[in-house]
Amino acid sequence: MQTAKLQAGHVHMVFTRDGKSTPVLDDISLEVADGEFVCLLGPSGCGKSTLLSTMAGFLSPTSGEIKIDSEVVHGPDPRRIFVFQERGVFPWLTVEGNIAFGLFHLPAAERRQRVAHYVKMVGLEGFEKAYPPALSGGMKQRLEVARALAVNPDMLFLDEPFGALDSITRLVMRGELLRIWEAERKTIIFVTHDIDEAVQLADRVVVMSARPATIQQIVNIDIPHPRDISSPRYLELRDGIFQQIGLAHKI
Amino acid sequence: MNSLVEPKKWEKFFWPMLTTAVFLALWHYSVVWTATKIFPSPLDVKKGIAELIHKNVLWGDIIDSLRRVAIGFGAAAVIGIPLGLILGWYPAANKVVNPVLQILRPISPIAWIPVAIILLGVGDHAATSLIFVGALFPIIVASVDGVSNVPSVFRLAGRNFGLGPARLLTRVVFPAALPKIIVGLRIALGIAWLVVVAAEMIAVDSGLGYLVIDSRNSGKRYDLVVAAMLIIGLIGLILDSCFRWLEKIKSVRWGFRDES
Amino acid sequence: MIVRLRPIALIAVLLLLWQFAVTRNPLHILPTPWEVVKGIGDLLQHGLLLKYMVASLFRVTWGFVLAVLLAVPLGLIIGWNRRANMAFNPVLQLLRPISPLAWIPLSILWFGVGDFAAIFLIFLGCFFPLLFTAINAVRGIPAVYINAGRNFGLSSRALVSRVLFPAVIPQLIIGMRITLGVGWLVVVAAEMIAVSSGLGFLIVDARNAGNRYDLVVAGMVIIGLIGLLLDMGMRSLEHLKSLRWSYSED
């Protein structure tokens with residue numbers, strides 16, 4: 001059995017502000033295999049974004065440790081890129097400029113090649129010289145994914161990346177993300193509060209409780225892609241999670 | 001915004017021309033009707049400008065004023081922007097320096113004139129130092145403001161891609177703060193232009209400000225006084241427009257989405 | 001606690017440097033900090049300080065109030081009415097960069113040397129910034145507010161008093177604070193040139209009638225302090241609760 005790509009061991013996170021401590025993460029232990037697509041699912045504010053930031057190295061856990069490739073995580077690293085919602089895109093750079101952002105150590109010719117490749121991959125041809133204010137929300141999100149992929153990271157962390165998009169664009173973007181994932185097979189950890197989104201995308205769904213967050217359940221989604229969202233197995237898994245979280249079925 | 005009838009395109013030229021024409025007419029006729037011997041009419045002013053150009057005085061004065069502004073403002077930018085960037089980047093340093101800045105800021109550059117004259121004597125250096133002092137504070141304040149308001153996502157993303165502190169400052173923090181810095185520069189330039197005129201009225205003997213005072217003192221040439229005033233206004237307007245044009249450049253325009 | 005002392009420490013260090021630099025200089029023209037303090041005491045004793053402060057504040061108040069009374073309504077109208085904006089904007093943009101000081105010869109011509117000339121200059125210095133603040137404030141009102149007002153059937157008059165005014169007041173107050181500061185700058189300059197009392201005059205006079213540079217710098221310090229107090233006073237206005245809606249974070 002291969003060593004897991006990412007190992008979180010007994011991670012606790014307590015925020016202290018003005019003398020008051022708020023526990024946010026409570027004894028989180030989790031393993032993610034190489035090339036896996038894992039969703040962290042939970043209500044807003046439960047701490048899943050905090051967990052993701054800790055995994056990416058932006059925060060240090062109060063206790064416990066995160067290991068990636070068996071090395072303890074000390075800080076952010078280009079081998080694991082965090083994708084924010086489209087607000088992470090740099091507005092003073094063009095589409096090309098953004099994608100080339102992390103490639104400053106490459107020679108110019110190779111940089112241009114890579115940029116062209118990823119522009120095509122996310123479907124932004126024709127917009128190379130455009131600036132972000134001219135792009136729609138979905139296009140900006142794609143730009144941010146392209147920027148992340150251009151540096152060829154091992155892992156991608158996505159924090160509710162489609163949250164600011166309308167529901168139709170969201171469906172389209174989910175398909176795009178899966179397409180890219182199947183082409184490049186990065187390890188992806190994806191935070192969302194949308195149960196359907198989690199079941200549609202992930203290999204495993206980590207259901208998290210409200211703050212202080214613990215792992216309530218890990219659900220294995222054993223349906224092969226492309227997933228039929230009206231298939232009985234899909235509905236079964238989805239309803240199971242609904243019940244886990246304790247939500248009523250009828251509105 | 002409230003007139004529900006959309007103004008036509010020609011109106012954009014019509015209305016200002018109308019008001020200017022009315023204004024000039026009022027000016028002209030009030031001079032004629034009061035039969036004043038001193039206050040110039042618009043035509044007198046026009047002749048005054050021609051005379052200044054003819055005597056080769058005007059260009060020299062304009063260049064003198066612009067030169068002082070260029071040096072004083074340039075120095076303020078070169079020192080103020082990096083200083084502001086550092087203070088904005090290290091809030092601890094800012095907490096220490098800020099009170100000093102807040103105390104010095106309300107002291108008008110004009111009030112510094114005596115000190116400048118004491119230290120540097122009457123002349124170019126005094127004027128340029130005054131412009132420097134006047135322009136410095138808005139630039140520092142704007143730079144600090146620009147840096148402290150860089151959204152943390154940008155810094156986090158920069159670190160994520162492996163940028164060291166130097167690259168982070170030049171490739172993320174500076175471009176992100178640039179719109180606010182440019183606004184600060186524009187305001188500082190406006191102040192510099194006001195200060196140069198004031199300084200030239202008191203501390204030197206060339207330049208547009210001096211022209212205003214001198215025209216009155218040596219011969220009550222109010223036509224030249226008004227001519228000089230209008231030229232001051234015009235050049236100030238041109239300088240401001242240059243900066244507003246800068247603000248429209250695409251890699252900076254994103255920061256001005258809400259400005260009219 | 002120690003952190004709070006740091007800015008004070010910096011000021012103390014700067015004062016010491018000042019003292020040191022002056023005493024080292026053989027010419028000893030600039031006063032030392034201590035001499036400045038004594039100078040302030042001197043002025044207080046002779047009753048000059050109070051008299052001059054009152055004179056300067058008097059002129060600032062008049063010039064500022066006149067500017068507010070004229071610039072705010074005018075600015076609101078120009079900002080509201082697109083045609084008015086088109087008509088007046090070019091002329092205003094041309095007049096704006098002309099320093100109030102450049103108006104001195106004209107103001108002396110019209111008003112002679114004295115209070116009126118000074119007040120006129122202060123008025124000019126305050127008028128343009130306030131005018132443009134009012135114009136921008138009106139043009140910046142989100143269309144949703146206007147539409148909501150119309151939707152609820154407000155008459156034009158009611159629209160102005162119940163939507164326009166409350167919407168622009170926060171920005172106007174900030175503009176007034178900044179403009180008061182400008183007015184304070186102009187009064188000092190105007191007094192240096194055009195009148196024979198006031199803090200600006202004090203500075204010029206102290207130098208001309210005897211090279212009393214300690215009084216010169218004392219005057220500057222007091223000018224700075226009063227400017228700071230005026231600014232702080234206006235800031236406290238901004239904190240009034242009913243006006244705070246626009247300051248989501250300060």
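Okay, one definition to get us going: a residue is buried when its relative accessible area is under 20%, exposed when it's over 50%, and partly exposed in between, using a 1.4 Å probe and protein chains only. By that yardstick Arg186(B), at 11% relative accessibility, counts as buried. I'll come back to that arginine in a minute.

Quick housekeeping. This is a predicted model, so local features need pLDDT of at least 70 and side-chain atom pairs count only at pLDDT 80 or more, while totals for chains, interfaces and linings use all residues. Residues are numbered from 1 along each chain as its sequence is written, chains are lettered from A and ligands numbered from 1 in the order in which they are written, and side-chain values use heavy atoms, with hydrogens and water left out.

Let's start with chain A. It has 7 helices and 10 strands, where both are DSSP runs numbered from the N terminus: H or I of at least four residues for a helix, E of at least two for a strand. How does the radius of gyration of chain A sit against a compact globule? The radius is taken over C-alpha atoms, and the globule rule is 2.2 Å times the number of residues to the power 0.38. For 251 residues that gives a value near 18 Å, and chain A has 18 Å, which agrees. Its C-alpha atoms fill a box of roughly 50 × 45 × 45 Å along the principal axes, and 51% of its 251 residues are buried. On charges, chain A carries 27 positive and 31 negative side chains, with the centres of the two sets 4 Å apart. Lys and Arg count as positive there and Asp and Glu as negative, with His and the chain ends not counted; each charge is placed at NZ of Lys, CZ of Arg, CG of Asp or CD of Glu.

Now chain B. Here we've got 11 helices and 0 strands. The radius of gyration is 23 Å, where a compact globule of 260 residues would be near 18 Å. The C-alpha trace spans about 75 × 60 × 30 Å along its principal axes, and 48% of the 260 residues count as buried. Chain B has 25 positive and 16 negative side chains, and the two centres lie 9 Å apart.

Chain C has 10 helices and 0 strands. Its radius of gyration is 22 Å, well over the 18 Å from the globule rule for 250 residues, so chain C is more spread out than a compact globule. Its trace spans about 75 × 55 × 30 Å, and buried residues make up 47% of the 250. Side-chain charges in chain C come to 19 positive and 10 negative, with centres 13 Å apart.

So who touches whom? Contact means heavy atoms within 4.5 Å. Of the 2 pairs of chains in contact, B and C share the most contacts. Chains A and C do not touch, and their nearest C-alpha atoms are 16 Å apart.

Back to our arginine. Arg186(B) is found in helix H8 of chain B, residues 165-202. Leaving out residues up to four places away in sequence, Arg186(B) touches Asp240(B), Phe243(B), Arg244(B) and Glu247(B).

Last topic, the rings. Rings of Phe, Tyr and Trp (the six-membered ring, for Trp) pair if their centres lie within 6.5 Å; planes under 30 degrees apart are stacked, over 60 edge-to-face, and the rest tilted. A search of the whole structure turns up 24 aromatic pairs over all chains. Take Phe90(A) and Trp92(A): ring centres 5.0 Å apart and planes at 25 degrees, so the pair is stacked. Phe90(A) is buried at 0% relative accessible area, and Trp92(A) is buried too, at 7%.

Over in chain C, Trp110(C) and Phe120(C) pair edge-to-face, 6.0 Å centre to centre with 75 degrees between the planes. Trp110(C) lies in helix H5 (residues 104-111) and Phe120(C) in helix H6 (residues 115-139), so the pair ties together parts 10 residues apart in sequence. Trp110(C) is partly exposed at 43% relative accessibility, whereas Phe120(C) is buried at 15%.

And here's one to click on: which residues do ring pairs link into a cluster? They are Phe90(A), Trp92(A), Phe101(A), Phe154(B), Phe161(B) and Trp254(B).
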